[in-house]
Structure formats: structure tokens, C-alpha cells
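Work through the exercises below with the structure open beside you. Try each task before reading its solution.

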Number of protein chains: 6
Amino acid sequence: MSSLPTYETLKLSQPKPHVTLVELNRSSKLNAMNKQLFDELKVCFEQLNTEKSCRAIVLTGSGKAFSTGIDVKYLSGVSVNELGEIDDVARKALHVRRMIQSTQASLRSVDKCEKPVIAAIHGHCIGAGVDLSACCDIRYSARDTTFSIKEVDIGLAADVGTLQILPKSITNHSIFRELVYTSRTFNSDEAQQIGLIGRIFDTREAVLEAAISLASVIARKSPVAVQGSKINLNYARDHTVDDNFLFASAWNSSMLMTEDIIKGVMASAVSKDKSNKDAISEIKFEDI
Amino acid sequence: MSSLPTYETLKLSQPKPHVTLVELNRSSKLNAMNKQLFDELKVCFEQLNTEKSCRAIVLTGSGKAFSTGIDVKYLSGVSVNELGEIDDVARKALHVRRMIQSTQASLRSVDKCEKPVIAAIHGHCIGAGVDLSACCDIRYSARDTTFSIKEVDIGLAADVGTLQILPKSITNHSIFRELVYTSRTFNSDEAQQIGLIGRIFDTREAVLEAAISLASVIARKSPVAVQGSKINLNYARDHTVDDNFLFASAWNSSMLMTEDIIKGVMASAVSKDKSNKDAISEIKFEDI
Amino acid sequence: MSSLPTYETLKLSQPKPHVTLVELNRSSKLNAMNKQLFDELKVCFEQLNTEKSCRAIVLTGSGKAFSTGIDVKYLSGVSVNELGEIDDVARKALHVRRMIQSTQASLRSVDKCEKPVIAAIHGHCIGAGVDLSACCDIRYSARDTTFSIKEVDIGLAADVGTLQILPKSITNHSIFRELVYTSRTFNSDEAQQIGLIGRIFDTREAVLEAAISLASVIARKSPVAVQGSKINLNYARDHTVDDNFLFASAWNSSMLMTEDIIKGVMASAVSKDKSNKDAISEIKFEDI
Amino acid sequence: MSSLPTYETLKLSQPKPHVTLVELNRSSKLNAMNKQLFDELKVCFEQLNTEKSCRAIVLTGSGKAFSTGIDVKYLSGVSVNELGEIDDVARKALHVRRMIQSTQASLRSVDKCEKPVIAAIHGHCIGAGVDLSACCDIRYSARDTTFSIKEVDIGLAADVGTLQILPKSITNHSIFRELVYTSRTFNSDEAQQIGLIGRIFDTREAVLEAAISLASVIARKSPVAVQGSKINLNYARDHTVDDNFLFASAWNSSMLMTEDIIKGVMASAVSKDKSNKDAISEIKFEDI
Amino acid sequence: MSSLPTYETLKLSQPKPHVTLVELNRSSKLNAMNKQLFDELKVCFEQLNTEKSCRAIVLTGSGKAFSTGIDVKYLSGVSVNELGEIDDVARKALHVRRMIQSTQASLRSVDKCEKPVIAAIHGHCIGAGVDLSACCDIRYSARDTTFSIKEVDIGLAADVGTLQILPKSITNHSIFRELVYTSRTFNSDEAQQIGLIGRIFDTREAVLEAAISLASVIARKSPVAVQGSKINLNYARDHTVDDNFLFASAWNSSMLMTEDIIKGVMASAVSKDKSNKDAISEIKFEDI
Amino acid sequence: MSSLPTYETLKLSQPKPHVTLVELNRSSKLNAMNKQLFDELKVCFEQLNTEKSCRAIVLTGSGKAFSTGIDVKYLSGVSVNELGEIDDVARKALHVRRMIQSTQASLRSVDKCEKPVIAAIHGHCIGAGVDLSACCDIRYSARDTTFSIKEVDIGLAADVGTLQILPKSITNHSIFRELVYTSRTFNSDEAQQIGLIGRIFDTREAVLEAAISLASVIARKSPVAVQGSKINLNYARDHTVDDNFLFASAWNSSMLMTEDIIKGVMASAVSKDKSNKDAISEIKFEDI
């Protein structure tokens, strides 16, 4: 990525080779999401998806929070300025639907990005912040993060990820539904207990460091193998076991012809025979 | 609910505004389920589904147990009286199928009820008792409850919920299959470990109090938001991520026009600005 | 099973009535899997599927490991000898696809076997070893087992179970994806935490003893009930709740006419009235 | 059916043994459908579903038309009386949804009835009349019937069958979509060309006679075979080929034990050997 | 559409109010599709999808053909210039996949556009031309059009619509598979016989006139009803009957509140009472 | 295929290069199907699936009929000899299920064979004969063939293809259900009208000649393209449009690298420029 694109609500950097760090950059609003952020997020992740030099992504919030969710001012503006001009209920509803679909497309771009995305969460992870984290592959959290599935408290059912993707990976549905129906806050421990969070770290710095470090490990692996794994995992989320096997056999029919396997097998043999664990991590793989 | 309907095998009360407590009322039989109970359960939950004043439901067992499952006398009666009169195996099988489908419809009425249902479990939760609890949104249990997926021990594969709904929310399938194949008893801790139970409380009273208290919190939230959340969560259980987003956009196209959002956003703003946490819980929402 | 069939890469025995112990038998290669093992595994489990006297199966590895995955020599041989002769990329890909599908069919035969299969895991469970364990109903592990989803390290996306079946039962997807994308080793505790392992035992001997003991308990239950449960559980993994209920009603329409229910209900009644817990385990059920 | 139940908007009779004729009975309104008709239709078909003596059903309209669709007075009444009292858009929408689901359940009861239903159509088949016919197994029509998928002309998308069931059996989707988007009328020939109609007859009397005659042929067949076929066909409409085979094997595992097969095979043998075609039609099968 | 956007490979005009005519504009190449055309097609249909004044679209080819399919020069260029630079087979395959997905997204934009699209076909409709027509709602053809599912003849399986969408609406699969496997040419009659074509007209002019006339009729209907119908029909193509009913009830819960129904019902009443057929076509509906 | 394998109930020959003719070879029984035929059919089509030199298959019946369905003697034998020894209804049902699944696997082997299969039908096509033809890609028939979906007449619901695969391709479901529920005979014209038959020929010889001729045309095409098309078409039968596009992009990511495309594109260019239609049919493609 010779020149990183610039956004107003996002800040991009490259803390390690092949690793892109994406920071939500509205810290004065605790990274509340407005239309610009939704738009830039989509452009950013679609661009990273085809950026050869990017192999793993860390998504975090600048300042004191991951994100406090949708910016209420944005919501109110839509309500007054856009819907106010439409009289017919059906036409209003169709307008609202377009708006929802546009927001869904924004957050889904994270889920659809074929490179692994690690969320580094701290401070507050509220409402659409949870939806956004649900679109990531892996979620790390600072110990003192405050979570809340806030939507019910502002009178709506979550529609950009929390009720759509999270149920596919949640561990204790009793507690999850309790959190959904009550909007009460919960901490990292409970988040981990229901399978929302993978690991907990003591500080914001530790979360970010661990996430970047993990991204760096992933970025040194064969991108053919890593991205193929994500594509197959996302596929498996929504298909039957039979379908998963069928898709995997079509997918790997060409992928098994990669040179990366030869490199991998050789390094693996070396590392096994000589207890030289570094052999694997020293292989260099070509970009895709 | 000006006048609560009366049933023989169920007891209804209203411990808090908008909260309905449904007690299985065959305590002398440890709430074993017979045809009358199956029939009344269906009528009851279909009625609660459209009862405006009911916004959250607690389901519990009177006396010493949640439920010990299907009443063996009922089973035997069917076998002798109804099947005994039919000679042809296929016709017997079609008769049995109708009976199973009727029992399934009874327990599914709890799952299909669009208001959240919290199971408060104590004493024994055996066989069809587990199936019934599987149809609830949230499961709380007393510490000394005895659980058993009893069906294999009486020679059959569970067909009214345990093998049909539970696999969608179970955490450790190794242990779950062990429990299914052996019918051994297990306690609340293990039930929580496999994701069957959300929370454990020390006594029967504590379970019930916590369940009613949770129901009361839910009942004070916007019913548009809560019931919309349940409808979307139940939908998500059986659909792909793409489908979930599509359905949510159709659903919320009208729901986002509710007045509840205005109330919710305003209260949320107040509670945030003034650290007045009560603002949210003081909103009054109209019935649906 | 009057005469147990013999295989070269598998060793079969009958440690308890109705229980078959299948040992991977390439201990000198740490049970790495080659073409012969894949072929014999399929024949073996298809045969056990219809073998009347077999009601529960324990799958384990002889020597120091469960399995270290695919035999790299076998992989290299395919690459050099079979693919080397084909010039056209598409024809190579079709050849590779047939090979993948054949390996998938081998491991799926364990998943499709209608008798419960318990994996007793120790030493190393690496790469295709994890895929194989994913095809079992229940997974027990020795405390010091080393696990690794090794595929990414040898340059490929897992295609014989790990990404196809495991996501249906995994608990913490954040950690699971971390393990997939990095190929790092993990121990039994972490394996249990993500829902891969049901129980942990201190030694290899203890694992095997517990697995055989569990198999023996299952083998004494009604095979109509146990196998019906597995068939319905595997069905439920890939279908909607509505479909599950529909299938269960078709399935049980005949199964509820079994004599086993009469035996089960009677024993159950005896054991309840007299606190004679043994009544149930003393029933003798006919083979299927 | 010793005593036929009586309805106000439906008229039931038994023109042949085991055949029930259901006539829409609002001829003064050209069988336009109001709430009472929707309610009675559901009760009627749920009752016929379990009525042993009924094995085939003919559905027709009394007077000059099959049906001209939903009664506009009913629609207007709902709009003014029920929705008029609700202020909030979301609550109105939830009320409308309940109303739609209730109407859907009414028409689906025809589709879900496990006995074959033959629609005998004449005069007008408009709007919800098409939806209703879509819920039948077989559609016969008089030559001069006027059809129209009327919904777009009254400002809505059809929601009780035409867009939900018909696409599963329509032949020429180009023409079908033209009919949907324009609401233009079409005749029996075009209806047959797009696969909506099976056969065309010259007069109303001929349609009805042919439908009753077909019903009578079906009613003399094994009800185990006929109803099993409908259940499997309806299942196949919504499932994969793999699922269809799996379901059929579960279904027939008990059904193949019926005595009807012995009767059928014997009669079939007789009719083949002696060219005695009547042997098959002379078998008497027991009720289910 | 005050000012129509301009494209190089497409020509847009507005032959009737609310009707957009899109002409493929590479007549010197018989409208063979190159990268620019794919790109512009996507932009064009995504733009029309949200263009308020557009309610129906006619898609046709300028000059002597609808389209002769993918431009072979474009294909060759990709092969030499883009793939030539990549050594690794897997990386080549991933590159090819991105290219296919981009082409799929282009043609799918026609299918996903929520306004009805009518293909007016003449001259040649070959290869990707058939795929493109498969993405339209309605297909009209000139009598002397030459069709060919050309892909097999150039060594590939069709991947942008013919094998993906057409099977959902094809009538005679025996003949369809014959056409796919042999690439032989067929005429309009055979195209109509397999359900590919809705209507046949004598000349190119007659096709276009009929298509524009049909589009004009559709454009005068309630856009709430028409677009709702298309959205529900596309949904029904891929979902079960149960799902279709569920989605329709969510969709219409708000759409039934439209003013268009009041207009439609009133006009319908007028047209019925007074035999004034024009009442319906004289209503003016608001844009969406 | 240097040496054709030999079967007792099947006769194989190679009437044209790369074309295999499979004749059902029980002409004295009008090709009624017994256990041996089911077993040999499966072996035969699994073998042809991997036989490099076979690229298209014609399936026909020797003597006076395609097939008159299941051999009643076989059915009776199973009933008396195998089921007679089992007392318990559930165990009988499980035995029956295994038998059904084995027969299903036999006929499915034709559907799963990745080479196109053309049925050449004459004389009688009855019961399981229809199921078998349903598993073929393309169906040609002699004008005087007698068809019957015979299952209902012998007391059962078809379970080996007619109700499982045919509904996916049938044109007029009204007539199809009529044929299913009544078992009445129908001729080639009606078979073509419902989409069962592709083409009709005057004599048995003409059918066979046309089928072989079509097979020969297909066999000269690129097998990469033809078999890829069949695999994608069979996939499309059971998946959504989105899934079809996704699978096609994975499939073609490697297949587009084939040399066959270069040959095809060049021949296509030659045949276009010089009106030399034979260029395409003169290409020689390598075996797969």
C-alpha cells in the first residue's frame, strides 16, 4: 500500500508489514457513527479487500471508546429532513428501507472483506458498536469495556448485525436474549462468557498490541490459505455440512495447486525434524 | 388483562404490570404433562400472544418441580385405547404422527409467542420438561434442580423440542450428545456449562423472583422494540445472514416510524447528559 | 460380530458387549493418514453402520498420538505422480477435486455412521486429526494432548471437516478463527473452552477407559432410541426448527410402535417407585 | 361424514362416496371473500383434514363465479374501524400484519389439507380468487372464465398466495410477471399456457362434473398412498433433492408396511394377467 | 429524470412518461460486451434503481442484434495481459474469480433493479446475451432472432446467469439441457417453448413497440404495488412457501397503509359499476 | 474404454466415439427392476463417472419396453423373507428404510454421474421406470410409449425419484398431480406437455438413433465445459440464485484456465469469419 488513502472519519496506518490498522476517527463523539462514517467505512473495506499488500486488519476506535453506536443527531436529521417531506406511509417506509440497506451494506463490507479483521475494543462498545464488532472475525477487549445492546432502549430492534450475525456465534442464548430485551450494560467477562469476546486484556494498549501482534502472525502465513479459510468459514456459517464439503472441494481443486503448499510442507518438515520452529515463520509468501 | 382466563392444568396471575406468570398446575403429579395440559398450554400461549396488556411471561411449575415430563399414564392410554383399535401399521403410524404433531404444536406455541418467555426452573426438569424449557427465550434455574433428557431411557428419540430446538443454542455438543444418548441426570452447573441455563439461583424463590423481576424490566421497554427483537431473533435462528439482513430491512422499514423511538432517544439523551439513569425506565409505552 | 474384519491401518476389538474399539494403527507414523487408511476407514465405518451387534464405537489412535494428520509423503506422491502427468490446469483441478471428494467421503463415513462414535484423543491431534475428531459425536481428551489446526501452515484451507463441520458446534468463534488463521498449537483446556472437547482426563488410559465406559452405557440403551436420536441430531444440524419438527414427526410415527418403549416405561416406573435405579440398566434390548 | 357441518359462507355436500364438495356460498357477491368466509374456510379445511370419510375435495364457487377476490367492503371496514383507532405507525403495521397472517392461514389451510383438493373454476377468478386456486392441488377451468391478478390495480402486492405459491409451479415467468405487473385480464387458454390451469372444459357443468369424477377416482385409491404422495409433493416443493429422498425414506419406512400394498399388488397382477382393468378400481381400502 | 446520464456503450432515452429505454450501444460489434459495457451497465441500473421518475425499463440492442455475448477480444486481453503476469495457479484462480464476480455483479444489477425490466430481443441473442436476458423480468422477441447458449462451444460453463437464474424459470429441462450441452442455435419458437421468451413479434420494430407499450402500462400503475410485487417475486424464487408468506406479511404490514390502495379501490369500484374501464388507468400515482 | 465391463442385467456398448449405450437387459421381464439390476446400475454409473473415455451416455431398454418398474416378485420376496423374520415394528421400519435408501442410491447414481445421460424411451415407462427416467438429463420418447406413475395403484407413494426429482422440472403441476394421484396411463404427447419428455420420435429406432446422435454431438464438445455445465445445473436445482453465482465463480476460477477455451475461441472465430461452421466440430479435446 504505497500510499494509504485518506478519510475524514477513519485513520489508516500500517503498524506491521501487511497489517492495516483502521481507527474510527470521531473521538470527540466517542466514535458515534454518522452517514459519513458509514460511507467511508464501506469504501475503505472494499478497497482493502483488493489491496494486495494488506493481509490482516485491526479495527479499533480512537480516543476513549470503540464506538457508542449510531450518532443520534444523524438519526434525528433523517427523521426531520428526509422523512418529513414524504406524506405516504408506504413511500416513507421504502425510503427508510433504502437507508437501512445502505447502513447494512456499510457494516457488511467488514464481514465480506476476505482478509481477517480483528476488533480491538475498549471503553464503550454500544449499540451499532456491537453490530460493527459482530462483523469482525475476532474480538479482543480491554477489561473495563462497557457493552450494551442499546437498540431496545431507543425503541427499535437492531438491524445492522447484532440480531443478524451474532446469533450464529453466540454461546449462551439465554443471557444473550436477556441482554437484547433489556439493553442493560455488561462487561468484558460477561461478553466473553456469551462468546462475543475471544480474549480480555488489562488495558487499551494491551488490547491493541495483542491485536496487532496477532494480525502480524496471520499476515506472515500464506494468504491463499488464510483468505481461503475465511471464505470457507463465512460460507459454512450459512450452509449445510453437505454444502460445505461440496464448496470446499470446488474451492480447493485449484487452490491445492499453489506453490505455497510446497513451501509450507517443506518448512513444516524442517521445523519438525530439527525442532526448528522458526522455519515456518520464515517463509515468504507472494501477495495475492 | 382485566379478567384472566382460567385453566385447570395452568394457573395464571399478574405479579407485576404487563407481566403474566403461568404456572403448570399439576403439582400432585410433579407437573407431568397429559393431554389436557398440552391442549390448555396451546390455548393459553396463543391467547397471551394477542393479549395487549401482556408484554413478558414467566413460566414455572407449581409445587416441587418444573415438570417431570410426559405423563406415562397418558402415553399408555393412547397406546391401549387409540392404537389398539387400528390394525394396519401405516394407519397406526399416521395416527401416531397426528398425535406427535399435536403435542409439537402445543410446545411450539410457547416458542411462537411473540412476547419473551422466561422459564423459572426448579426441582425436576425431566424429559418433555426439557423440551418445554427449550421453547422459552431465557432459562433461569434453582441450584439443586435435577435435569434429565429422559427420552432414550423410555425407548424413544425426543420429538417435541430437545433434538429440534436445543441444538440451535447448545454450547458443548460433545456433552449434549452424551446427555442425549445416556439419559443420565445432570445438575444446574452442567446445564449452564452446555448453554441450556442462563443463570443459577440458590432457591426456588430466588429463581422466581429473579425471573419476575427480569420480566418486569422487559415489560417496561418499548413492546415494539422487544417483540420486534424476538421476531428477528427467531427468524435468524433458521436463516442465512443475508436473509436476516433482508428481513430486518423489511421489518424495520415501518417499525422505525414508531413514536417509541422519539421517546427512547429523548430519554436516552436525558439519561446520558444528566447521569439520570432513571429517565429511560420512566418512559411509558403504549400497548400494541 | 462373530468375526471382526481385519485391516492393516486399523485395529478392531470389542472391549465390552456391543462396543467396537477402532484404533488407528500406524503408530510408527503417529497415525498420519495415507490413502490406505482413508480407504479402510470408509470401508470400516460403512460396515459397522450395518453390523447389528455394534451399538457404540470408540475411535482412538494406537501408540503416542491420536493422529498427526495427513501423511505428507502421500500428498507429495499425488503431486508428483498423478498431477505431474496432466498438462491442462482444468483437468488437473478436476483430478484434485476427485481426490478431495474421496478423502471427504472417508471422514464423512464416521459422521454418517448411525451409531454414536466417541473419540478418545491423546498425544497429538493435528490437521486432519482434528477433521477426523470433528466427525465424531463426542470427544474426550487426555490433558496433555497437543492440538493444531495445521492446514494454514502447510498452505491450504482445511477441506475435510474442520471448516465444514466444526463451525456447527464451536463455542467461541473468535478464538476458533484465531486458531484457524494462525495454526498455533493449543491444549485440552482451550479445546474444551471452544467446545471442541467434552471432557478432559489425566492420562491416555483414563481417556480410553472413560470412552469405553460411556460407550458401554450407551450400548445398553435401546438402539432404536439411540440411533434415532443421532439421526435426528445430525438432521437438526442442517435444517430449520420447522423442518426438524416435521422430520421428527415422520420418523417417530413408526418408531413409537417399538416394544422398547414398553420395556423402557415399565423399567422407568419400577426404578422410580422403588428407587431401584438398576431396573433401567438391566433391560435387554434386541439388536436392530 | 355422518353429519356435514354447516357454515354460512360455505356449502358442503357429498356428491360421491368419500368426495366432499365445498362451494363458496356468497353468490350474491360473486363469492367475494369477507372475514367470515376466511374464518369458515379455515375451520372447514382443518376439519376435513382429519375427517376419516373424506378422501378428496372439490372446491368451487356457487352462482356465476369462482370468486372475485377480497370483499372491498371488508377491506374498507378494517381500514376505517380498526386502523382508525391506532395512532402509532408501528402499532398500525403490527395490527395489519396480524390481519394478513390470519388471512394467509385461512388460504394455507387448503394447501396444508392432506387430501387432494381440485378447484373447479368458472365465471370470474379474480385477485384473492387466484390466490385461493393457487392453494389447490389441481385446477380445472371453464373455457370462458375471466382471470385477473388484480392486486396491483388496487395498489398492493399480492400476499396470500399468488406471489408466494404460484411461482413454484408457473411455466412461463415472462408472461406471469406481465400479468402480475399489469393486472390485465386473461382467459383459460392463457391460464393453461402459463401452467395455472390443468384442463379446460366447455361449460361450468362440465368442469364440475370432471372435477367430481376425478375426485371420485382418487377417492377409490389407497388413502395411505394418495395422502402420502401429497405430503411428499408439498415437501418437495420447498426442499432439495437430497432432502426429498431423505424424507421419503423416513416416510415410507412405515408406510410400506401397509396392507394396501398387498391389495394393490394383487389387483395389479390380476389386471395385468387377465387384462381385467377393473380389478384395481374394485379394491376397497380402509379409511385412515 | 431531468437530465439523462450519458454512457458510451449504452444509450438512454425516455420514450414514454416514467419509461426508460436502455440500448446496448456497440452496434458495430453486434453489442458484444467488453469491460466498459459491463461497468457502465452496473452503474446505469444501480442509478435507475433509485431514480424516482423511472418506473419501468426496456432493455434492447441497437443495430442488428440484441447481443452476441462477451467480446472475445476482451477475453483474450485478460488472458494475455493480466493472467500472463501471475505465476502461481492459485493466485491466477483468485484473479479470475474476482473478474467473474465483477461480471456477475454487472448482470445481476439488472436482476436486482427493483423496477420491472423488459428485454426486447432481435437479431442475435448469443452467449452472455442470453445471460443478460435471463436477468430481465419479461422477454419479448422478434420472430427471426437467433439464440445460442454458446458457452460450451468456447470451452466453458456459463457463469453469469444462464445456468444460475434461467433454471428457476425454464419449462422443458430436457430441451434446455440439450441446448446447454450442444450450443446449437435455436429460434424464437423454441425459445418460447422452453419458457425463455414470453411473446414473439414479427419485426424488430414490433418487439420494441410492444415492450415500450407494456412498460408504459406498468408505469401508470402504483409503483408501490409494482415494485413490491417484483421484490416479493424475486424473494419467492429462492425461498420456501412458508418463508414467502412470512416475508409478504412483514412487507405488506406497512405497504397496506399506502394512499395508493384508496385510489385503487375507488377507481376499481368506479370501473366496475359504470363499465368505465378507463378509471383505473387514469389514476395518477406519486413517485417513490 | 478398452474393455467394457460386463453385467447380467445391463448391456454396454459404444455406438460412437466417447458415447456409451447402456441397455436394461431383462427384456423377458419388460426390464422390471430387481435387486441385481439396482446393484449393477449403481456400479455401472459410478464406473462410467470416472471412465475417461466416456463423455455422454444413452440409457434405454432392450426389447419391448424401457421399463415396467420394480419387479413385483422382488418386492414380495423382501416382504416375506426379510421382514417376516423381524417382530418389532420399529426394527422392521429401520430395515425397510435401509432397503429404500439402497434403491434410492442406485437410481441417484444416474443423476449424480457427471456425464450427460439421455434416456431413449419406448414401449412402456411405468412406475420406477419413470423414476429412473427422472434421473436422466434429457428424455426422448417414441410416440406410442405408455407412461404411468404407477405407485399409488400398488398402494404407496413413489420414493425413488418421481416425487423427489421430477417436481423440480415439471411444467404443469395440475396435470402432474392428477397423474400421481390416479396412476392413469398417459402418452408421449401428454408427457411432453408436462415437461417430462423433450422430443418425440415416430419409432423406437428413431428415438435411439436421435439419442445416440445427440450424445455424439455432446461427446465432441469440450468435456471440461459439458461436465462443468452439468455440475452447475444440478447445483442450481437445489440452491438460491445467490448461491449459484457464488458456486459458479469458485468453479470457473480454475476451469477458465483450460486450454479448451483457447481452442474453442479460435475455432469460433474461424467459423464466424469464414462461415465455416465445421471448425467448431472439428476440434479435438483431451479426455478428463
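Copies are superposed by least squares on the C-alpha atoms of residues with pLDDT of at least 70 in both. The model is predicted.

## Exercise 1. Relating chain A to chain C

Task: Find the turn and the shift that lay chain A on chain C, and name the axis.

Solution.

1. Superpose the two chains. A turn of 120 degrees with a shift of 0.0 Å along the axis lays chain A on chain C, at an RMSD of 0.0 Å.
2. Name the relation. It is that of a three-fold axis.
3. Look for the residue of chain A that comes closest to the rotation axis. That is Thr171(A), with its C-alpha at 3.2 Å.
4. Compare the surfaces used. They are different in the two copies: 4% of the contact residues of chain A recur in chain C.

## Exercise 2. The contact between chains A and C

Task: Describe the contact by residues, by area and by the residues of chain A that lose the most area.

Solution.

1. Count residues. Chain A brings 48 residues and chain C brings 40 residues.
2. Take the area. About 3,900 Å² is buried between the two chains, and carbon and sulfur atoms give 62% of it.
3. Rank the losses on the side of chain A. Leu233(A), Val241(A) and Phe245(A) lose the most area to chain C, together 18% of what that side buries.

## Exercise 3. Chain B on chain A

Task: Repeat the analysis for chain B and chain A.

Solution.

1. Superpose. Chain B goes onto chain A by a turn of 120 degrees and a shift of 0.0 Å along the axis, with an RMSD of 0.0 Å.
2. Locate the axis from chain B. The nearest C-alpha in that chain belongs to Thr171(B), 3.2 Å away.
3. Check the surfaces. Again the copies use different ones, as 4% of the contact residues of chain B recur in chain A.
4. Describe the contact. It takes 48 residues from chain B and 40 residues from chain A. The buried area is about 3,900 Å², with 62% from carbon and sulfur atoms. In chain B, Leu233(B), Val241(B) and Phe245(B) lose the most area to chain A, together 18% of what that side buries.

## Exercise 4. The fold of chain A

Task: How compact is chain A for its 288 residues?

Solution.

1. Take the elements. Chain A has 11 helices and nine strands.
2. Apply the globule rule. It gives 19 Å for 288 residues, and the radius of gyration is 20 Å, close to that value, so chain A is as compact as a globular protein of that length.
3. Add the box. Along the principal axes, the C-alpha atoms fill roughly 70 × 45 × 40 Å.
4. Turn to burial. Of the 288 residues, 67% count as buried.
5. Sort the contacts with a separation of 6 or more. Residues 24 or more positions apart account for 69% of them.
6. Finish with the surface. Chain A exposes about 9,700 Å², and carbon and sulfur atoms supply 50% of that.

## Exercise 5. Helix α5 of chain D

Task: Is helix α5 of chain D largely enclosed or open, and what does it pack against?

Solution.

1. Count buried residues. In α5 (residues 173-182), 10 of the 10 are buried, so the helix is largely enclosed by the rest of the structure. Among them are Phe176(D), Leu179(D) and Tyr181(D).
2. Find the partners. Within chain D, the buried residues pack against β8 (185-186) and α6 (188-193). From chain E come β6 (138-142), β9 (199-201), α7 (204-219) and α8 (223-236).
3. Inspect the start. A side-chain oxygen of Asn172(D) reaches to within 3.2 Å of the backbone nitrogen of Ser174(D).
4. Inspect what follows. Ser183(D) comes after the helix, and its phi is positive, near 60 degrees.

## Exercise 6. Three loop residues of chain F

Task: Place Cys135(F), His18(F) and Asn31(F), and classify each as buried, partly exposed or exposed.

Solution.

1. Start with Cys135(F). It is in the loop between α4 (128-134) and β6 (138-142). Its relative accessibility is 1%, so Cys135(F) counts as buried.
2. List its contacts beyond four places in sequence. They are Leu107(F), Arg108(F), Val110(F), Asp111(F) and Ile165(F).
3. Recall the rule for phi. Most residues other than glycine have a negative phi.
4. Take His18(F). Its phi is positive, about 65 degrees. The residue is in the loop between β1 (10-16) and β2 (19-24). With a relative accessible area of 24%, His18(F) is partly exposed.
5. Take Asn31(F). Its phi is also positive, near 60 degrees. The loop here runs between β2 and α1 (35-50). At 0% relative accessibility, Asn31(F) is buried.

Key: Residues numbered from 1 in each chain as written. Chains lettered and ligands numbered in written order. Predicted model: local features only at pLDDT ≥ 70, side-chain atom pairs only at ≥ 80, totals over all residues. Heavy atoms only, no water. Contact = heavy atoms within 4.5 Å. Buried < 20%, exposed > 50% of the residue type's maximum accessible area, 1.4 Å probe, protein only. Helix = DSSP H or I, 4+ residues; strand = E, 2+ residues; numbered from the N terminus. Polar contact = N/O pair within 3.5 Å; in protein donor to acceptor, adjacent residues only side chain to side chain. Rg over C-alpha atoms; globule rule 2.2 N^0.38 Å. Areas by Shrake-Rupley, 256 points an atom, 1.4 Å probe, with all protein chains shown as cover. Buried area = accessible area lost by both parts, 1.4 Å probe.
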